[in-house]
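Thanks for coming. I will put the structure up and then walk through it.

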Amino acid sequence: MKSPFQELHRFMNWKERFLRDYEKIESSDLELIRGEVRELLGQEPDERLLKAVRSMYVGGMERRVEDPEIRSWTNWAAVKTYKTFNEFPILSDLELAFVFYSVGKLFVPLLMHERGVKSESFKRLSREEQEEAVFEELDTIWETQLTLILQALQFLGLNSIKK
């Protein structure tokens, strides 16, 4: 059984990596992401959402989201998370980026699993069934990990870091 301190320690390690990777998030051209997310939303996305999506790419290891299917489902999950949680209004931009970076670390590898979105069985599903299958994985992350990440934020001191 994991203690709460083990989880906090994991997030502290992720924070250090995130801070090293943050330059990739800040310095990236968001135009490609903007177009893809606009298509998903049916409207122009705000800058925080674009930064959240980009953070999820970096957290999930960018080379993985070069694959169009992985990228598409990562975009879908980022938009779904952002909208479901009311755009995370109380989080600073840096905290928001960390949350999505962390979700990316957990979620993107699931997409790549042998029974993930690249599998023949997944491809045989209807679009609705595919969304339902991906949502089940995302919902599990929300229930088990997102709450821990949000609780850990107060101990990580990201608000005090000026970027």
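Phe-155 is where I will start, and it sits in helix H7. This is a predicted model, so please hear every number today as computed. Is Phe-155 buried or exposed? Its relative accessible area is 55%, and since the cut-off for exposed is over 50%, Phe-155 counts as exposed. As for what lies across from it, the C-alpha atoms of Phe-155 and Asn-13 are 13 Å apart, with the two positions 142 residues apart along the chain.

Staying on helix H7, which runs over residues 127-156, the next residue is Glu-132. Glu-132 has a relative accessibility of 52%, so this one is also exposed. Glu-132 belongs to a negative surface patch, together with Glu-128, Glu-129, Glu-136 and Glu-137.

Now to the inside. The largest nonpolar core has 51 residues. Which of them touch the most other members? They are Phe-18, Phe-98, Phe-100, Phe-107, Val-134 and Leu-158. Several helices give two or more residues to this core: H1, residues 4-26; H2, 31-41; H3, 47-59; H4, 68-84; H5, 93-111; and H7. Helix H5 supplies the largest share, 12 residues.

On helix H5 I would point at Val-99. Its relative accessibility is 0%, and because buried means under 20%, Val-99 counts as buried. The C-alpha atom of Val-99 is 7.3 Å from that of Leu-150, a residue 51 positions away along the chain.

Next, salt bridges. How many are there by the distance rule used here? The count comes to 15. I will go through three of them.

The first on my list joins the side chains of Glu-31 and Arg-34, at 3.2 Å from N to O. Both residues are in helix H2, three residues apart, which is about one turn of the helix. The two ends are not equally covered. Glu-31 has a relative accessible area of 45% and is therefore partly exposed, whereas Arg-34, at 12%, is buried.

Arg-34 also has a second partner. Its side chain meets that of Glu-47 in a salt bridge of 2.8 Å, again N to O. Here the two residues come from separate helices, with Glu-47 in H3 and Arg-34 in H2, so the pair ties together parts that are 13 residues apart in sequence. Glu-47 is partly exposed, because its relative accessibility is 46%.

The third salt bridge is between the side chains of Glu-87 and Lys-83, at 3.0 Å from N to O. Both ends count as partly exposed: Glu-87 with a relative accessible area of 29%, and Lys-83 with 37%.

Some of the salt bridges share partners. In this way Glu-31, Arg-34, Arg-38, Glu-44 and Glu-47 are joined into one network.

Back to Glu-87, for its backbone. Where is this residue? Glu-87 lies in the loop between H4 and H5, and so does Asn-86. Most residues other than glycine have a negative phi. Asn-86 is not a glycine, yet its phi is positive, about 55°. Glu-87 has a positive phi too, near 70°, and is likewise a residue other than glycine. As for accessibility, Asn-86 is exposed, with a relative accessible area of 57%, while Glu-87, as I said, is partly exposed at 29%.

One last residue, Ser-72. Ser-72 is placed in helix H4. Its relative accessibility is 33%, so Ser-72 is counted as partly exposed. The C-alpha atoms of Ser-72 and Glu-36 are separated by 8.0 Å, and the two residues are 36 apart along the chain.

To recap the main items: a core of 51 residues, with its largest share from H5; a count of 15 salt bridges, with one network that includes Arg-34; a negative patch that includes Glu-132; and positive phi values at Asn-86 and Glu-87. That is what I have for today.

Technical notes
Residues numbered from 1 in each chain as written. Predicted model: local features only at pLDDT ≥ 70, side-chain atom pairs only at ≥ 80, totals over all residues. Heavy atoms only, no water. Patch = residues over 30% accessible without salt bridge, like charges linked within 9 Å, V, L, I, M, F, W, Y side chains within 5 Å. Areas by Shrake-Rupley, 256 points an atom, 1.4 Å probe, with all protein chains shown as cover. Salt bridge = Lys/Arg side-chain N within 4 Å of Asp/Glu carboxyl O. Lys, Arg positive; Asp, Glu negative; His and termini not counted. Charge placed at Lys NZ, Arg CZ, Asp CG, Glu CD. Helix = DSSP H or I, 4+ residues; strand = E, 2+ residues; numbered from the N terminus. Buried < 20%, exposed > 50% of the residue type's maximum accessible area, 1.4 Å probe, protein only. Core = buried A, V, L, I, M, F, W, Y, C linked by side-chain atoms within 4.5 Å.
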